[in-house]
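Please open the structure in your viewer and keep the sequence panel at hand, since this tour moves from one selection to the next and says what is to be found at each stop.

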Amino acid sequence: VPQMKRPEDILKWKNEIIAFTKKVEEFTGNEVTAEKLAESIKLHNEKRKALQRVYDCRKSKCLPISGRDALLMTQISFFDDPVRCAQMCNRLADELEQRIKDGVSVVPAGTKRILVTGTPLAVPNWKLHNIIETSGGAVVCEEMCTGTRYFTNLVDETKTTLDEQFMALSERYMKTNCACFTPNTGRIEDILELVKEYKVDGVIDCSLKFCCLYDTEKRSVASALKEAGVPVLSLETDYADSDAEQLRTRIGAFIELLNG
């Protein structure tokens with residue numbers, strides 16, 4: 001178990017959730033009950049399952065959605081109404097599943113499949129996906145907080161008391177393989193697993209300039225991928241467009257290398 005995910009750490013995080021709940025109750029005047037929390041846990045699990053359904057469609061050889069569109073969905077899910085979000089994501093998944101059956105792909109056959117990992121990409125940060133997908137690649141998965149980390153792992157819905165529910169929440173969130181944990185070997189295992197699941201040809205590991213955490217992990221991610229025989233490109237960027245041409249050159253060269 002990583003040093004920061006021991007049973008005592010999960011307990012500490014549970015206590016933080018309890019302290020936060022008290023603040024929320026004070027601020028809103030609403031009491032948090034086991035019934036209400038159970039309802040909310042179920043609701044957010046439904047949203048996670050709906051997001052997962054869309055991502056499952058991206059595993060298909062026939063790619064029914066661009067990475068940019070999938071990223072936008074994930075970005076919006078952070079602040080959309082959760083009921084509507086789950087509904088719309090499920091509707092999108094229905095459409096994508098039908099597209100796969102009909103053989104409707106958004107890219108030509110043989111387009112190189114890219115997994116993007118690193119710092120989360122918040123609205124309006126579509127630069128990286130845009131450059132990859134106009135340089136001959138297709139983004140099929142994001143191992144990011146604006147990606148698989150957001151919806152992987154559900155909260156246990158069987159707990160009936162507040163105390164058990166807080167513990168279930170803590171356990172779920174402590175499974176997240178964020179670079180704020182050290183050592184963070186779980187993230188590398190996730191990347192290697194996702195490479196297989198999404199039939200990935202190459203990985204782009206990108207950190208934002210202020211994000212030292214993902215910068216620190218670049219070396220271990222690159223060496224694990226090289227060892228597994230997976231081509232990897234490490235990049236650093238920010239929200240500005242000033243480096244777009246430089247990124248286009250490097251990403252274009254990387255995709256050319258994949259096309260061999």
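Begin by selecting Phe78 in this predicted model, and colour the residue by accessibility if your viewer allows it: Phe78 counts as partly exposed, because its relative accessibility is 42%, which falls between the limits of 20% for buried and 50% for exposed.

Keep Phe78 selected and turn to the aromatic rings, of which a search of the whole structure finds 2 pairs. In one of them, Phe78 and Tyr150 are stacked, with 4.0 Å from centre to centre and 15° between the planes. This pair links distant parts of the chain, since Phe78 lies in the loop between α3 (67-77) and α4 (82-102), while Tyr150 belongs to helix α6 (residues 148-151), 72 residues apart.

Next, select Gln75, whose place is in helix α3. Is Gln75 buried or exposed? Gln75 is buried, because its relative accessible area is 3%, and the cut-off for buried is under 20%. If you show the surroundings of Gln75, leaving aside residues up to four places away in sequence, you will find that it touches Leu121, Ala122, Val123, Asn125 and Trp126. For a wider view, add Asp243, which is 168 residues from Gln75 in sequence and 23 Å away in space, C-alpha to C-alpha.

From Asn125, one of the residues that Gln75 touches, move on to Ala240, and draw a distance between the two C-alpha atoms: they are separated by 9.1 Å, although the residues are 115 places apart along the chain. Ala240 sits in the loop between β4 (232-237) and α10 (244-259), and with a relative accessible area of 35% Ala240 is partly exposed.

Now select helix α1 (residues 7-28), which has 22 residues and reaches 32 Å from its first C-alpha to its last, close to the 32 Å expected at 1.5 Å a residue. Show the side chains of Asp9, Ile10, Lys14, Ile17, Ile18 and Thr21, which are the buried residues of α1, and then add α7 (162-173), against which these buried residues pack. Just after α1 comes Gly29, whose phi is positive, near 75°.

Finish with two places where a charged side chain meets a ring. Select Lys5 together with Phe181, and you will see the charged end of Lys5 over the ring of Phe181, 4.3 Å from its centre. Then select Arg172 and Tyr173, where Arg172 lies over the face of Tyr173, at 4.6 Å from the ring centre.

Methods. Residues numbered from 1 in each chain as written. Predicted model: local features only at pLDDT ≥ 70, side-chain atom pairs only at ≥ 80, totals over all residues. Heavy atoms only, no water. Phe/Tyr/Trp six-rings, centres within 6.5 Å; stacked < 30°, edge-to-face > 60°. Helix = DSSP H or I, 4+ residues; strand = E, 2+ residues; numbered from the N terminus. Buried < 20%, exposed > 50% of the residue type's maximum accessible area, 1.4 Å probe, protein only. Lys NZ or Arg CZ within 6 Å of the ring centre and 35° of its normal. Expected span 1.5 Å × (residues − 1). Contact = heavy atoms within 4.5 Å.
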